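Trainee: Could we go through the ligand site together? I would like to see how each term is justified.

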Amino acid sequence: MAVAILSPEKAISRKGKLLINGEFVDALSGKEFETLNPSTGEVLAHVAEADKADVDRAVKAARTAFEEGPWSRMNARERGRLLLRLTQLVADHADELALIDTLDNGKPIRETTHVDVPLVIDCLGYYAGWADKIEGETIPVNGPFLNYTLKEPVGVVGQIIPWNFPLLMAAWKLGPALATGCTVVLKPAEQTPLSALRLGELILEAGFPEGVVNILPGFGPTAGAAIASHLDVDKVAFTGSTEVGRLIMEMAAKSNLKRVTLELGGKAPNIVMSDAIIDEAVKGAVTGIFLNQGEVCCAGSRLFVEDKVHDEVVSKLKAYAEGIKVGNPLDPATEMGAQVSEEQLDRILNYCQSGKAEGATVVTGGGRNTAAGKGYFMHPTIFSDVKDSMKIAREEIFGPVVSAIRFSEIGEAVQRGNRTNYGLSAAVWTRDIKKAHTIARKLRAGVVWINTYNTFDAASPFGGYKESGIGRELGKHALANYLETKSVWVALE
Ligand code: ADP
């Protein structure tokens, strides 16, 4: 067993290993690191720490599996069946997987149970269905030729994922990679390696051949960098900060021009017009910023509110925020858990300080929530009187902190909403259907929600404009990230 968490007590002192070539092994260096429970600050488990030498081993295994192993000869339909089997195994272990992510990340069990794990099942099942439906084309070319295309897996792919939705990010990455026939070296975030390792066990149990999926917990500058700059990795898919995304692209460019897809940060405008159903808009704003402790790249962190309804929206939002039950993530009643780490909590607190120093008004919250426990808890926080130029309105906070910003005319709100280097998501609340669709076109973001927020489906593409990323995850769009197109010419005369 790599790691087995059946109850919170049993989790402690278990050891996680690296999954390489179908086996759970120690790091070559023998090094280990600790993963903490953010709601208590205590050590949850010790995990083998991969570095470059382990990445080399894993890439070799993935290359062999891609070129010579049973995976390379497997029918697409059989690949789909394996993915379906994995989907079923995840469903069978849903409670355990939800518990692992809650312990490792600090997010409420009600979210891991009702949001994360169901979306994982949805995603893996969706891509299982794609495996045997990836087709090329026959192209009418000039001359006596038959020309057709083959859609082939890109090869060995490196996948580097963040800590905010540990298992879900693994599923978003693995689903399309496995459906297309790639082999994978996946690095979970150092803060949250445990659910990926448990998934690794289920992957073996499902019957995926050795070397198809390798899972290497470790740190960014060592294991992560080794993946991104590896000469025998054909593609790297990354989700994380824009800052690290830039490094990944640079490493890919400097090594072997491996294909790159990036899903990065955001600073979404969530625009409430005065003709919206205000109570629904307020609920949407709550989901938009407080889901997952605000540790969401598409969080609605800039709440643009039309003058006429500004005070009503802010006061209703305040009432909601103050009613959010913050505390022990294992309590099914808890609505907001702990931030993932002390470092992340400090970052958020610094932003709160900066908001105050720059003259924004604290409507509620603005500090650490010590009453919720000894872990890294925040108070849900609302700032008003926020100006576009303030740091809290410009930079991604990645915490439960929303800036309410007034506007008087919708064209102005769209313009100010777009005035950011990010472009991951945006939302608009209005009863006017014409305005809604027109605004959706004008917002420069990869996802636009109308009268809803944080809605996801495995079939619908997700990804960013501008510095929020390159490429799209989910849906049929994600398959393209893992495929090469080969044009085949046949002389007919
Ligand atoms: P966050 O700031 O939200 O922690 P990061 O972008 O730092 O997000 O981390 C996302 C993922 O990228 C993690 O798996 C992390 O280990 C990895 N990572 C961080 N730095 C690097 C790096 N220099 N090279 C490759 N991967 C990295």
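**The ligand and its surroundings**

Mentor: Gladly. The ligand is surrounded by 19 residues, and the closest are Ile161, Trp163, Lys187, Glu190 and Ser241. A residue counts as near when one of its heavy atoms lies within 4 Å of the molecule. This is a predicted model, where local features need pLDDT of at least 70, side-chain atom pairs count only at pLDDT 80 or more, and totals for chains, interfaces and linings use all residues. Residues are numbered from 1 along each chain as its sequence is written, and side-chain values use heavy atoms, leaving out hydrogens and water.

Trainee: What makes the approach of Glu190 to an oxygen atom of the ligand a polar contact?

Mentor: A polar contact is a pair of N or O atoms within 3.5 Å; within protein, one must be able to donate a hydrogen and the other to accept it, and residues adjacent in sequence count only if both atoms are side-chain atoms. A polar side-chain atom of Glu190 is 2.6 Å from that ligand oxygen, so the pair qualifies. Polar backbone atoms also take part: one of Ile161 is 2.8 Å from a ligand oxygen, and one of Gly220 is 3.2 Å from a ligand nitrogen.

Trainee: Why is Lys173 called buried?

Mentor: Buried means under 20% relative accessible area, exposed over 50%, and partly exposed in between (1.4 Å probe, protein chains only). Lys173 has 1%, so it is buried.

Trainee: Which side chain does Lys173 contact?

Mentor: The side chain of Glu473, through a polar contact of 2.7 Å.
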